[in-house]
Amino acid sequence: MLSKKEKQLIREIWERLTPVAEDIGADALLRMFASYPGTKTYFSHLDIGPGSAHLSSHGKKIVLAIAEGAKDISQLTVTLAPLQTLHAYQLRIDPTNFKLLSHCLLVTLACFMGEGFTPEAHAAIDKFLSAFAAVLAEKYR
């Protein structure tokens, strides 16, 4: 699904974005909550307002997990196995939300990367985030 060149591009992009993981993750989550208010229900026990510690912390966890998956895309299922179990069996997150967050992440990355968000980068990241969401949803089958 991803060419060797796309995999390398994805690795490079996520390595560059890791230092601002908290900002990217928080921004993507805020976009998701604003665009899809039903997704807030999973966070009712946390303060998820702009600038909150919970939002920043969870956003950072998400981006770091994605960056970890980008290091070796061929091992994505192995890398994400603990998150699959957590989200499917303990948190019981509707798997549709993974796709919603992926879309919000694309918008956030476009904002953060500016001109670096080339059509090639957009296509590669979109494919990767789709694979990431699909792998997270595998435990639901």
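**Exercise 1. The surroundings of Phe-128**

Leaving aside its neighbours within four places in sequence, which residues is Phe-128 in contact with? Keep in mind as you work that this is a predicted model.

*Solution.*
Step 1. Set aside the residues up to four places away from Phe-128, then look for contacts elsewhere in the chain: they are Leu-2, Ile-10, Trp-14, Ile-66, Gly-69, Ala-70, Ile-73 and Leu-76.
Step 2. Now place Phe-128 in a wider setting. The largest nonpolar core has 44 residues, and Trp-14 and Phe-128 are the ones that touch the most other members.
Step 3. Next, find where the core comes from. Two or more residues are given by each of α1 (4-17), α2 (21-35), α3 (53-71), α4 (76-90), α5 (96-113) and α6 (119-137). The largest share, 11 residues, belongs to α6.

**Exercise 2. Pairs of opposite charge**

Find out how many salt bridges the structure holds, and describe each one.

*Solution.*
Step 1. Start with the idea behind the search: side chains of opposite charge can pair when their charged atoms come close.
Step 2. Count the pairs: there are three salt bridges.
Step 3. Take Lys-127 and Glu-6, whose closest N and O atoms are 2.9 Å apart. Lys-127 belongs to helix α6 and Glu-6 to helix α1, so this salt bridge ties together parts that are 121 residues apart in sequence. Lys-127 is partly exposed at 31% relative accessible area. Glu-6 has a value of 16%, so it counts as buried, the cut-off being under 20%.
Step 4. Turn to Asp-27 and Arg-31, whose side chains meet with N and O 2.7 Å apart. Both sit in helix α2, and because they are four residues apart, about one helical turn separates them. Asp-27 is partly exposed at 24%, and Arg-31 is partly exposed at 27%.
Step 5. Finish with Lys-71 and Glu-68, where the closest N and O atoms are 3.0 Å apart. This pair lies in helix α3, with three residues, or about one turn, between the partners. Lys-71 is exposed at 55%, while Glu-68 is partly exposed at 39%.

**Exercise 3. Two helices side by side**

Describe how α1 and α3 pack, and name the residues that make the contact.

*Solution.*
Step 1. Decide what to report: two packed helices are described by the angle between their axes and the distance between the axes.
Step 2. For α1 and α3, the angle is about 145° and the axes are 9 Å apart. The crossing is left-handed.
Step 3. List the residues in contact. From α1 come Ile-10, Arg-11 and Trp-14, and from α3 come Val-63, Ile-66, Ala-67, Ala-70 and Lys-71.
Step 4. Sort them by class: six are nonpolar, none is polar and two are charged.

**Exercise 4. Two residues of α5**

Is Asn-97 buried or exposed, and which residues does Asn-97 touch? Then work out where His-103 is placed.

*Solution.*
Step 1. Asn-97 is found in helix α5. Its relative accessible area is 12%, so Asn-97 is buried.
Step 2. Not counting residues up to four places away in sequence, Asn-97 touches Met-32, Thr-39 and Tyr-42.
Step 3. His-103 also has its place in helix α5. At 43% relative accessibility, His-103 is partly exposed.
Step 4. Compare the path along the chain with the separation in space: His-103 and Ala-28 are 75 residues apart along the chain, and their C-alpha atoms are separated by 8.8 Å.

Notes: Residues are numbered from 1 along each chain as its sequence is written. This is a predicted model: local features need pLDDT of at least 70, side-chain atom pairs count only at pLDDT 80 or more; totals for chains, interfaces and linings use all residues. Side-chain values use heavy atoms; hydrogens and water are left out. A nonpolar core is a set of buried Ala, Val, Leu, Ile, Met, Phe, Trp, Tyr and Cys residues joined through side-chain atoms within 4.5 Å. Buried means under 20% relative accessible area, exposed over 50%, partly exposed in between (1.4 Å probe, protein chains only). Contact means heavy atoms within 4.5 Å. A salt bridge is a side-chain nitrogen of Lys or Arg within 4 Å of a carboxyl oxygen of Asp or Glu. Axes are lines fitted to C-alpha atoms, for helices over the stretch in contact, and angles run from 0 to 180 degrees between N-to-C directions. A crossing is left-handed if the near helix is turned anticlockwise from the far one by less than a right angle, and right-handed if clockwise. Ala, Val, Leu, Ile, Met, Phe, Trp, Tyr, Cys and Pro count as nonpolar, Asp, Glu, Lys and Arg as charged, and the others, Gly among them, as polar.
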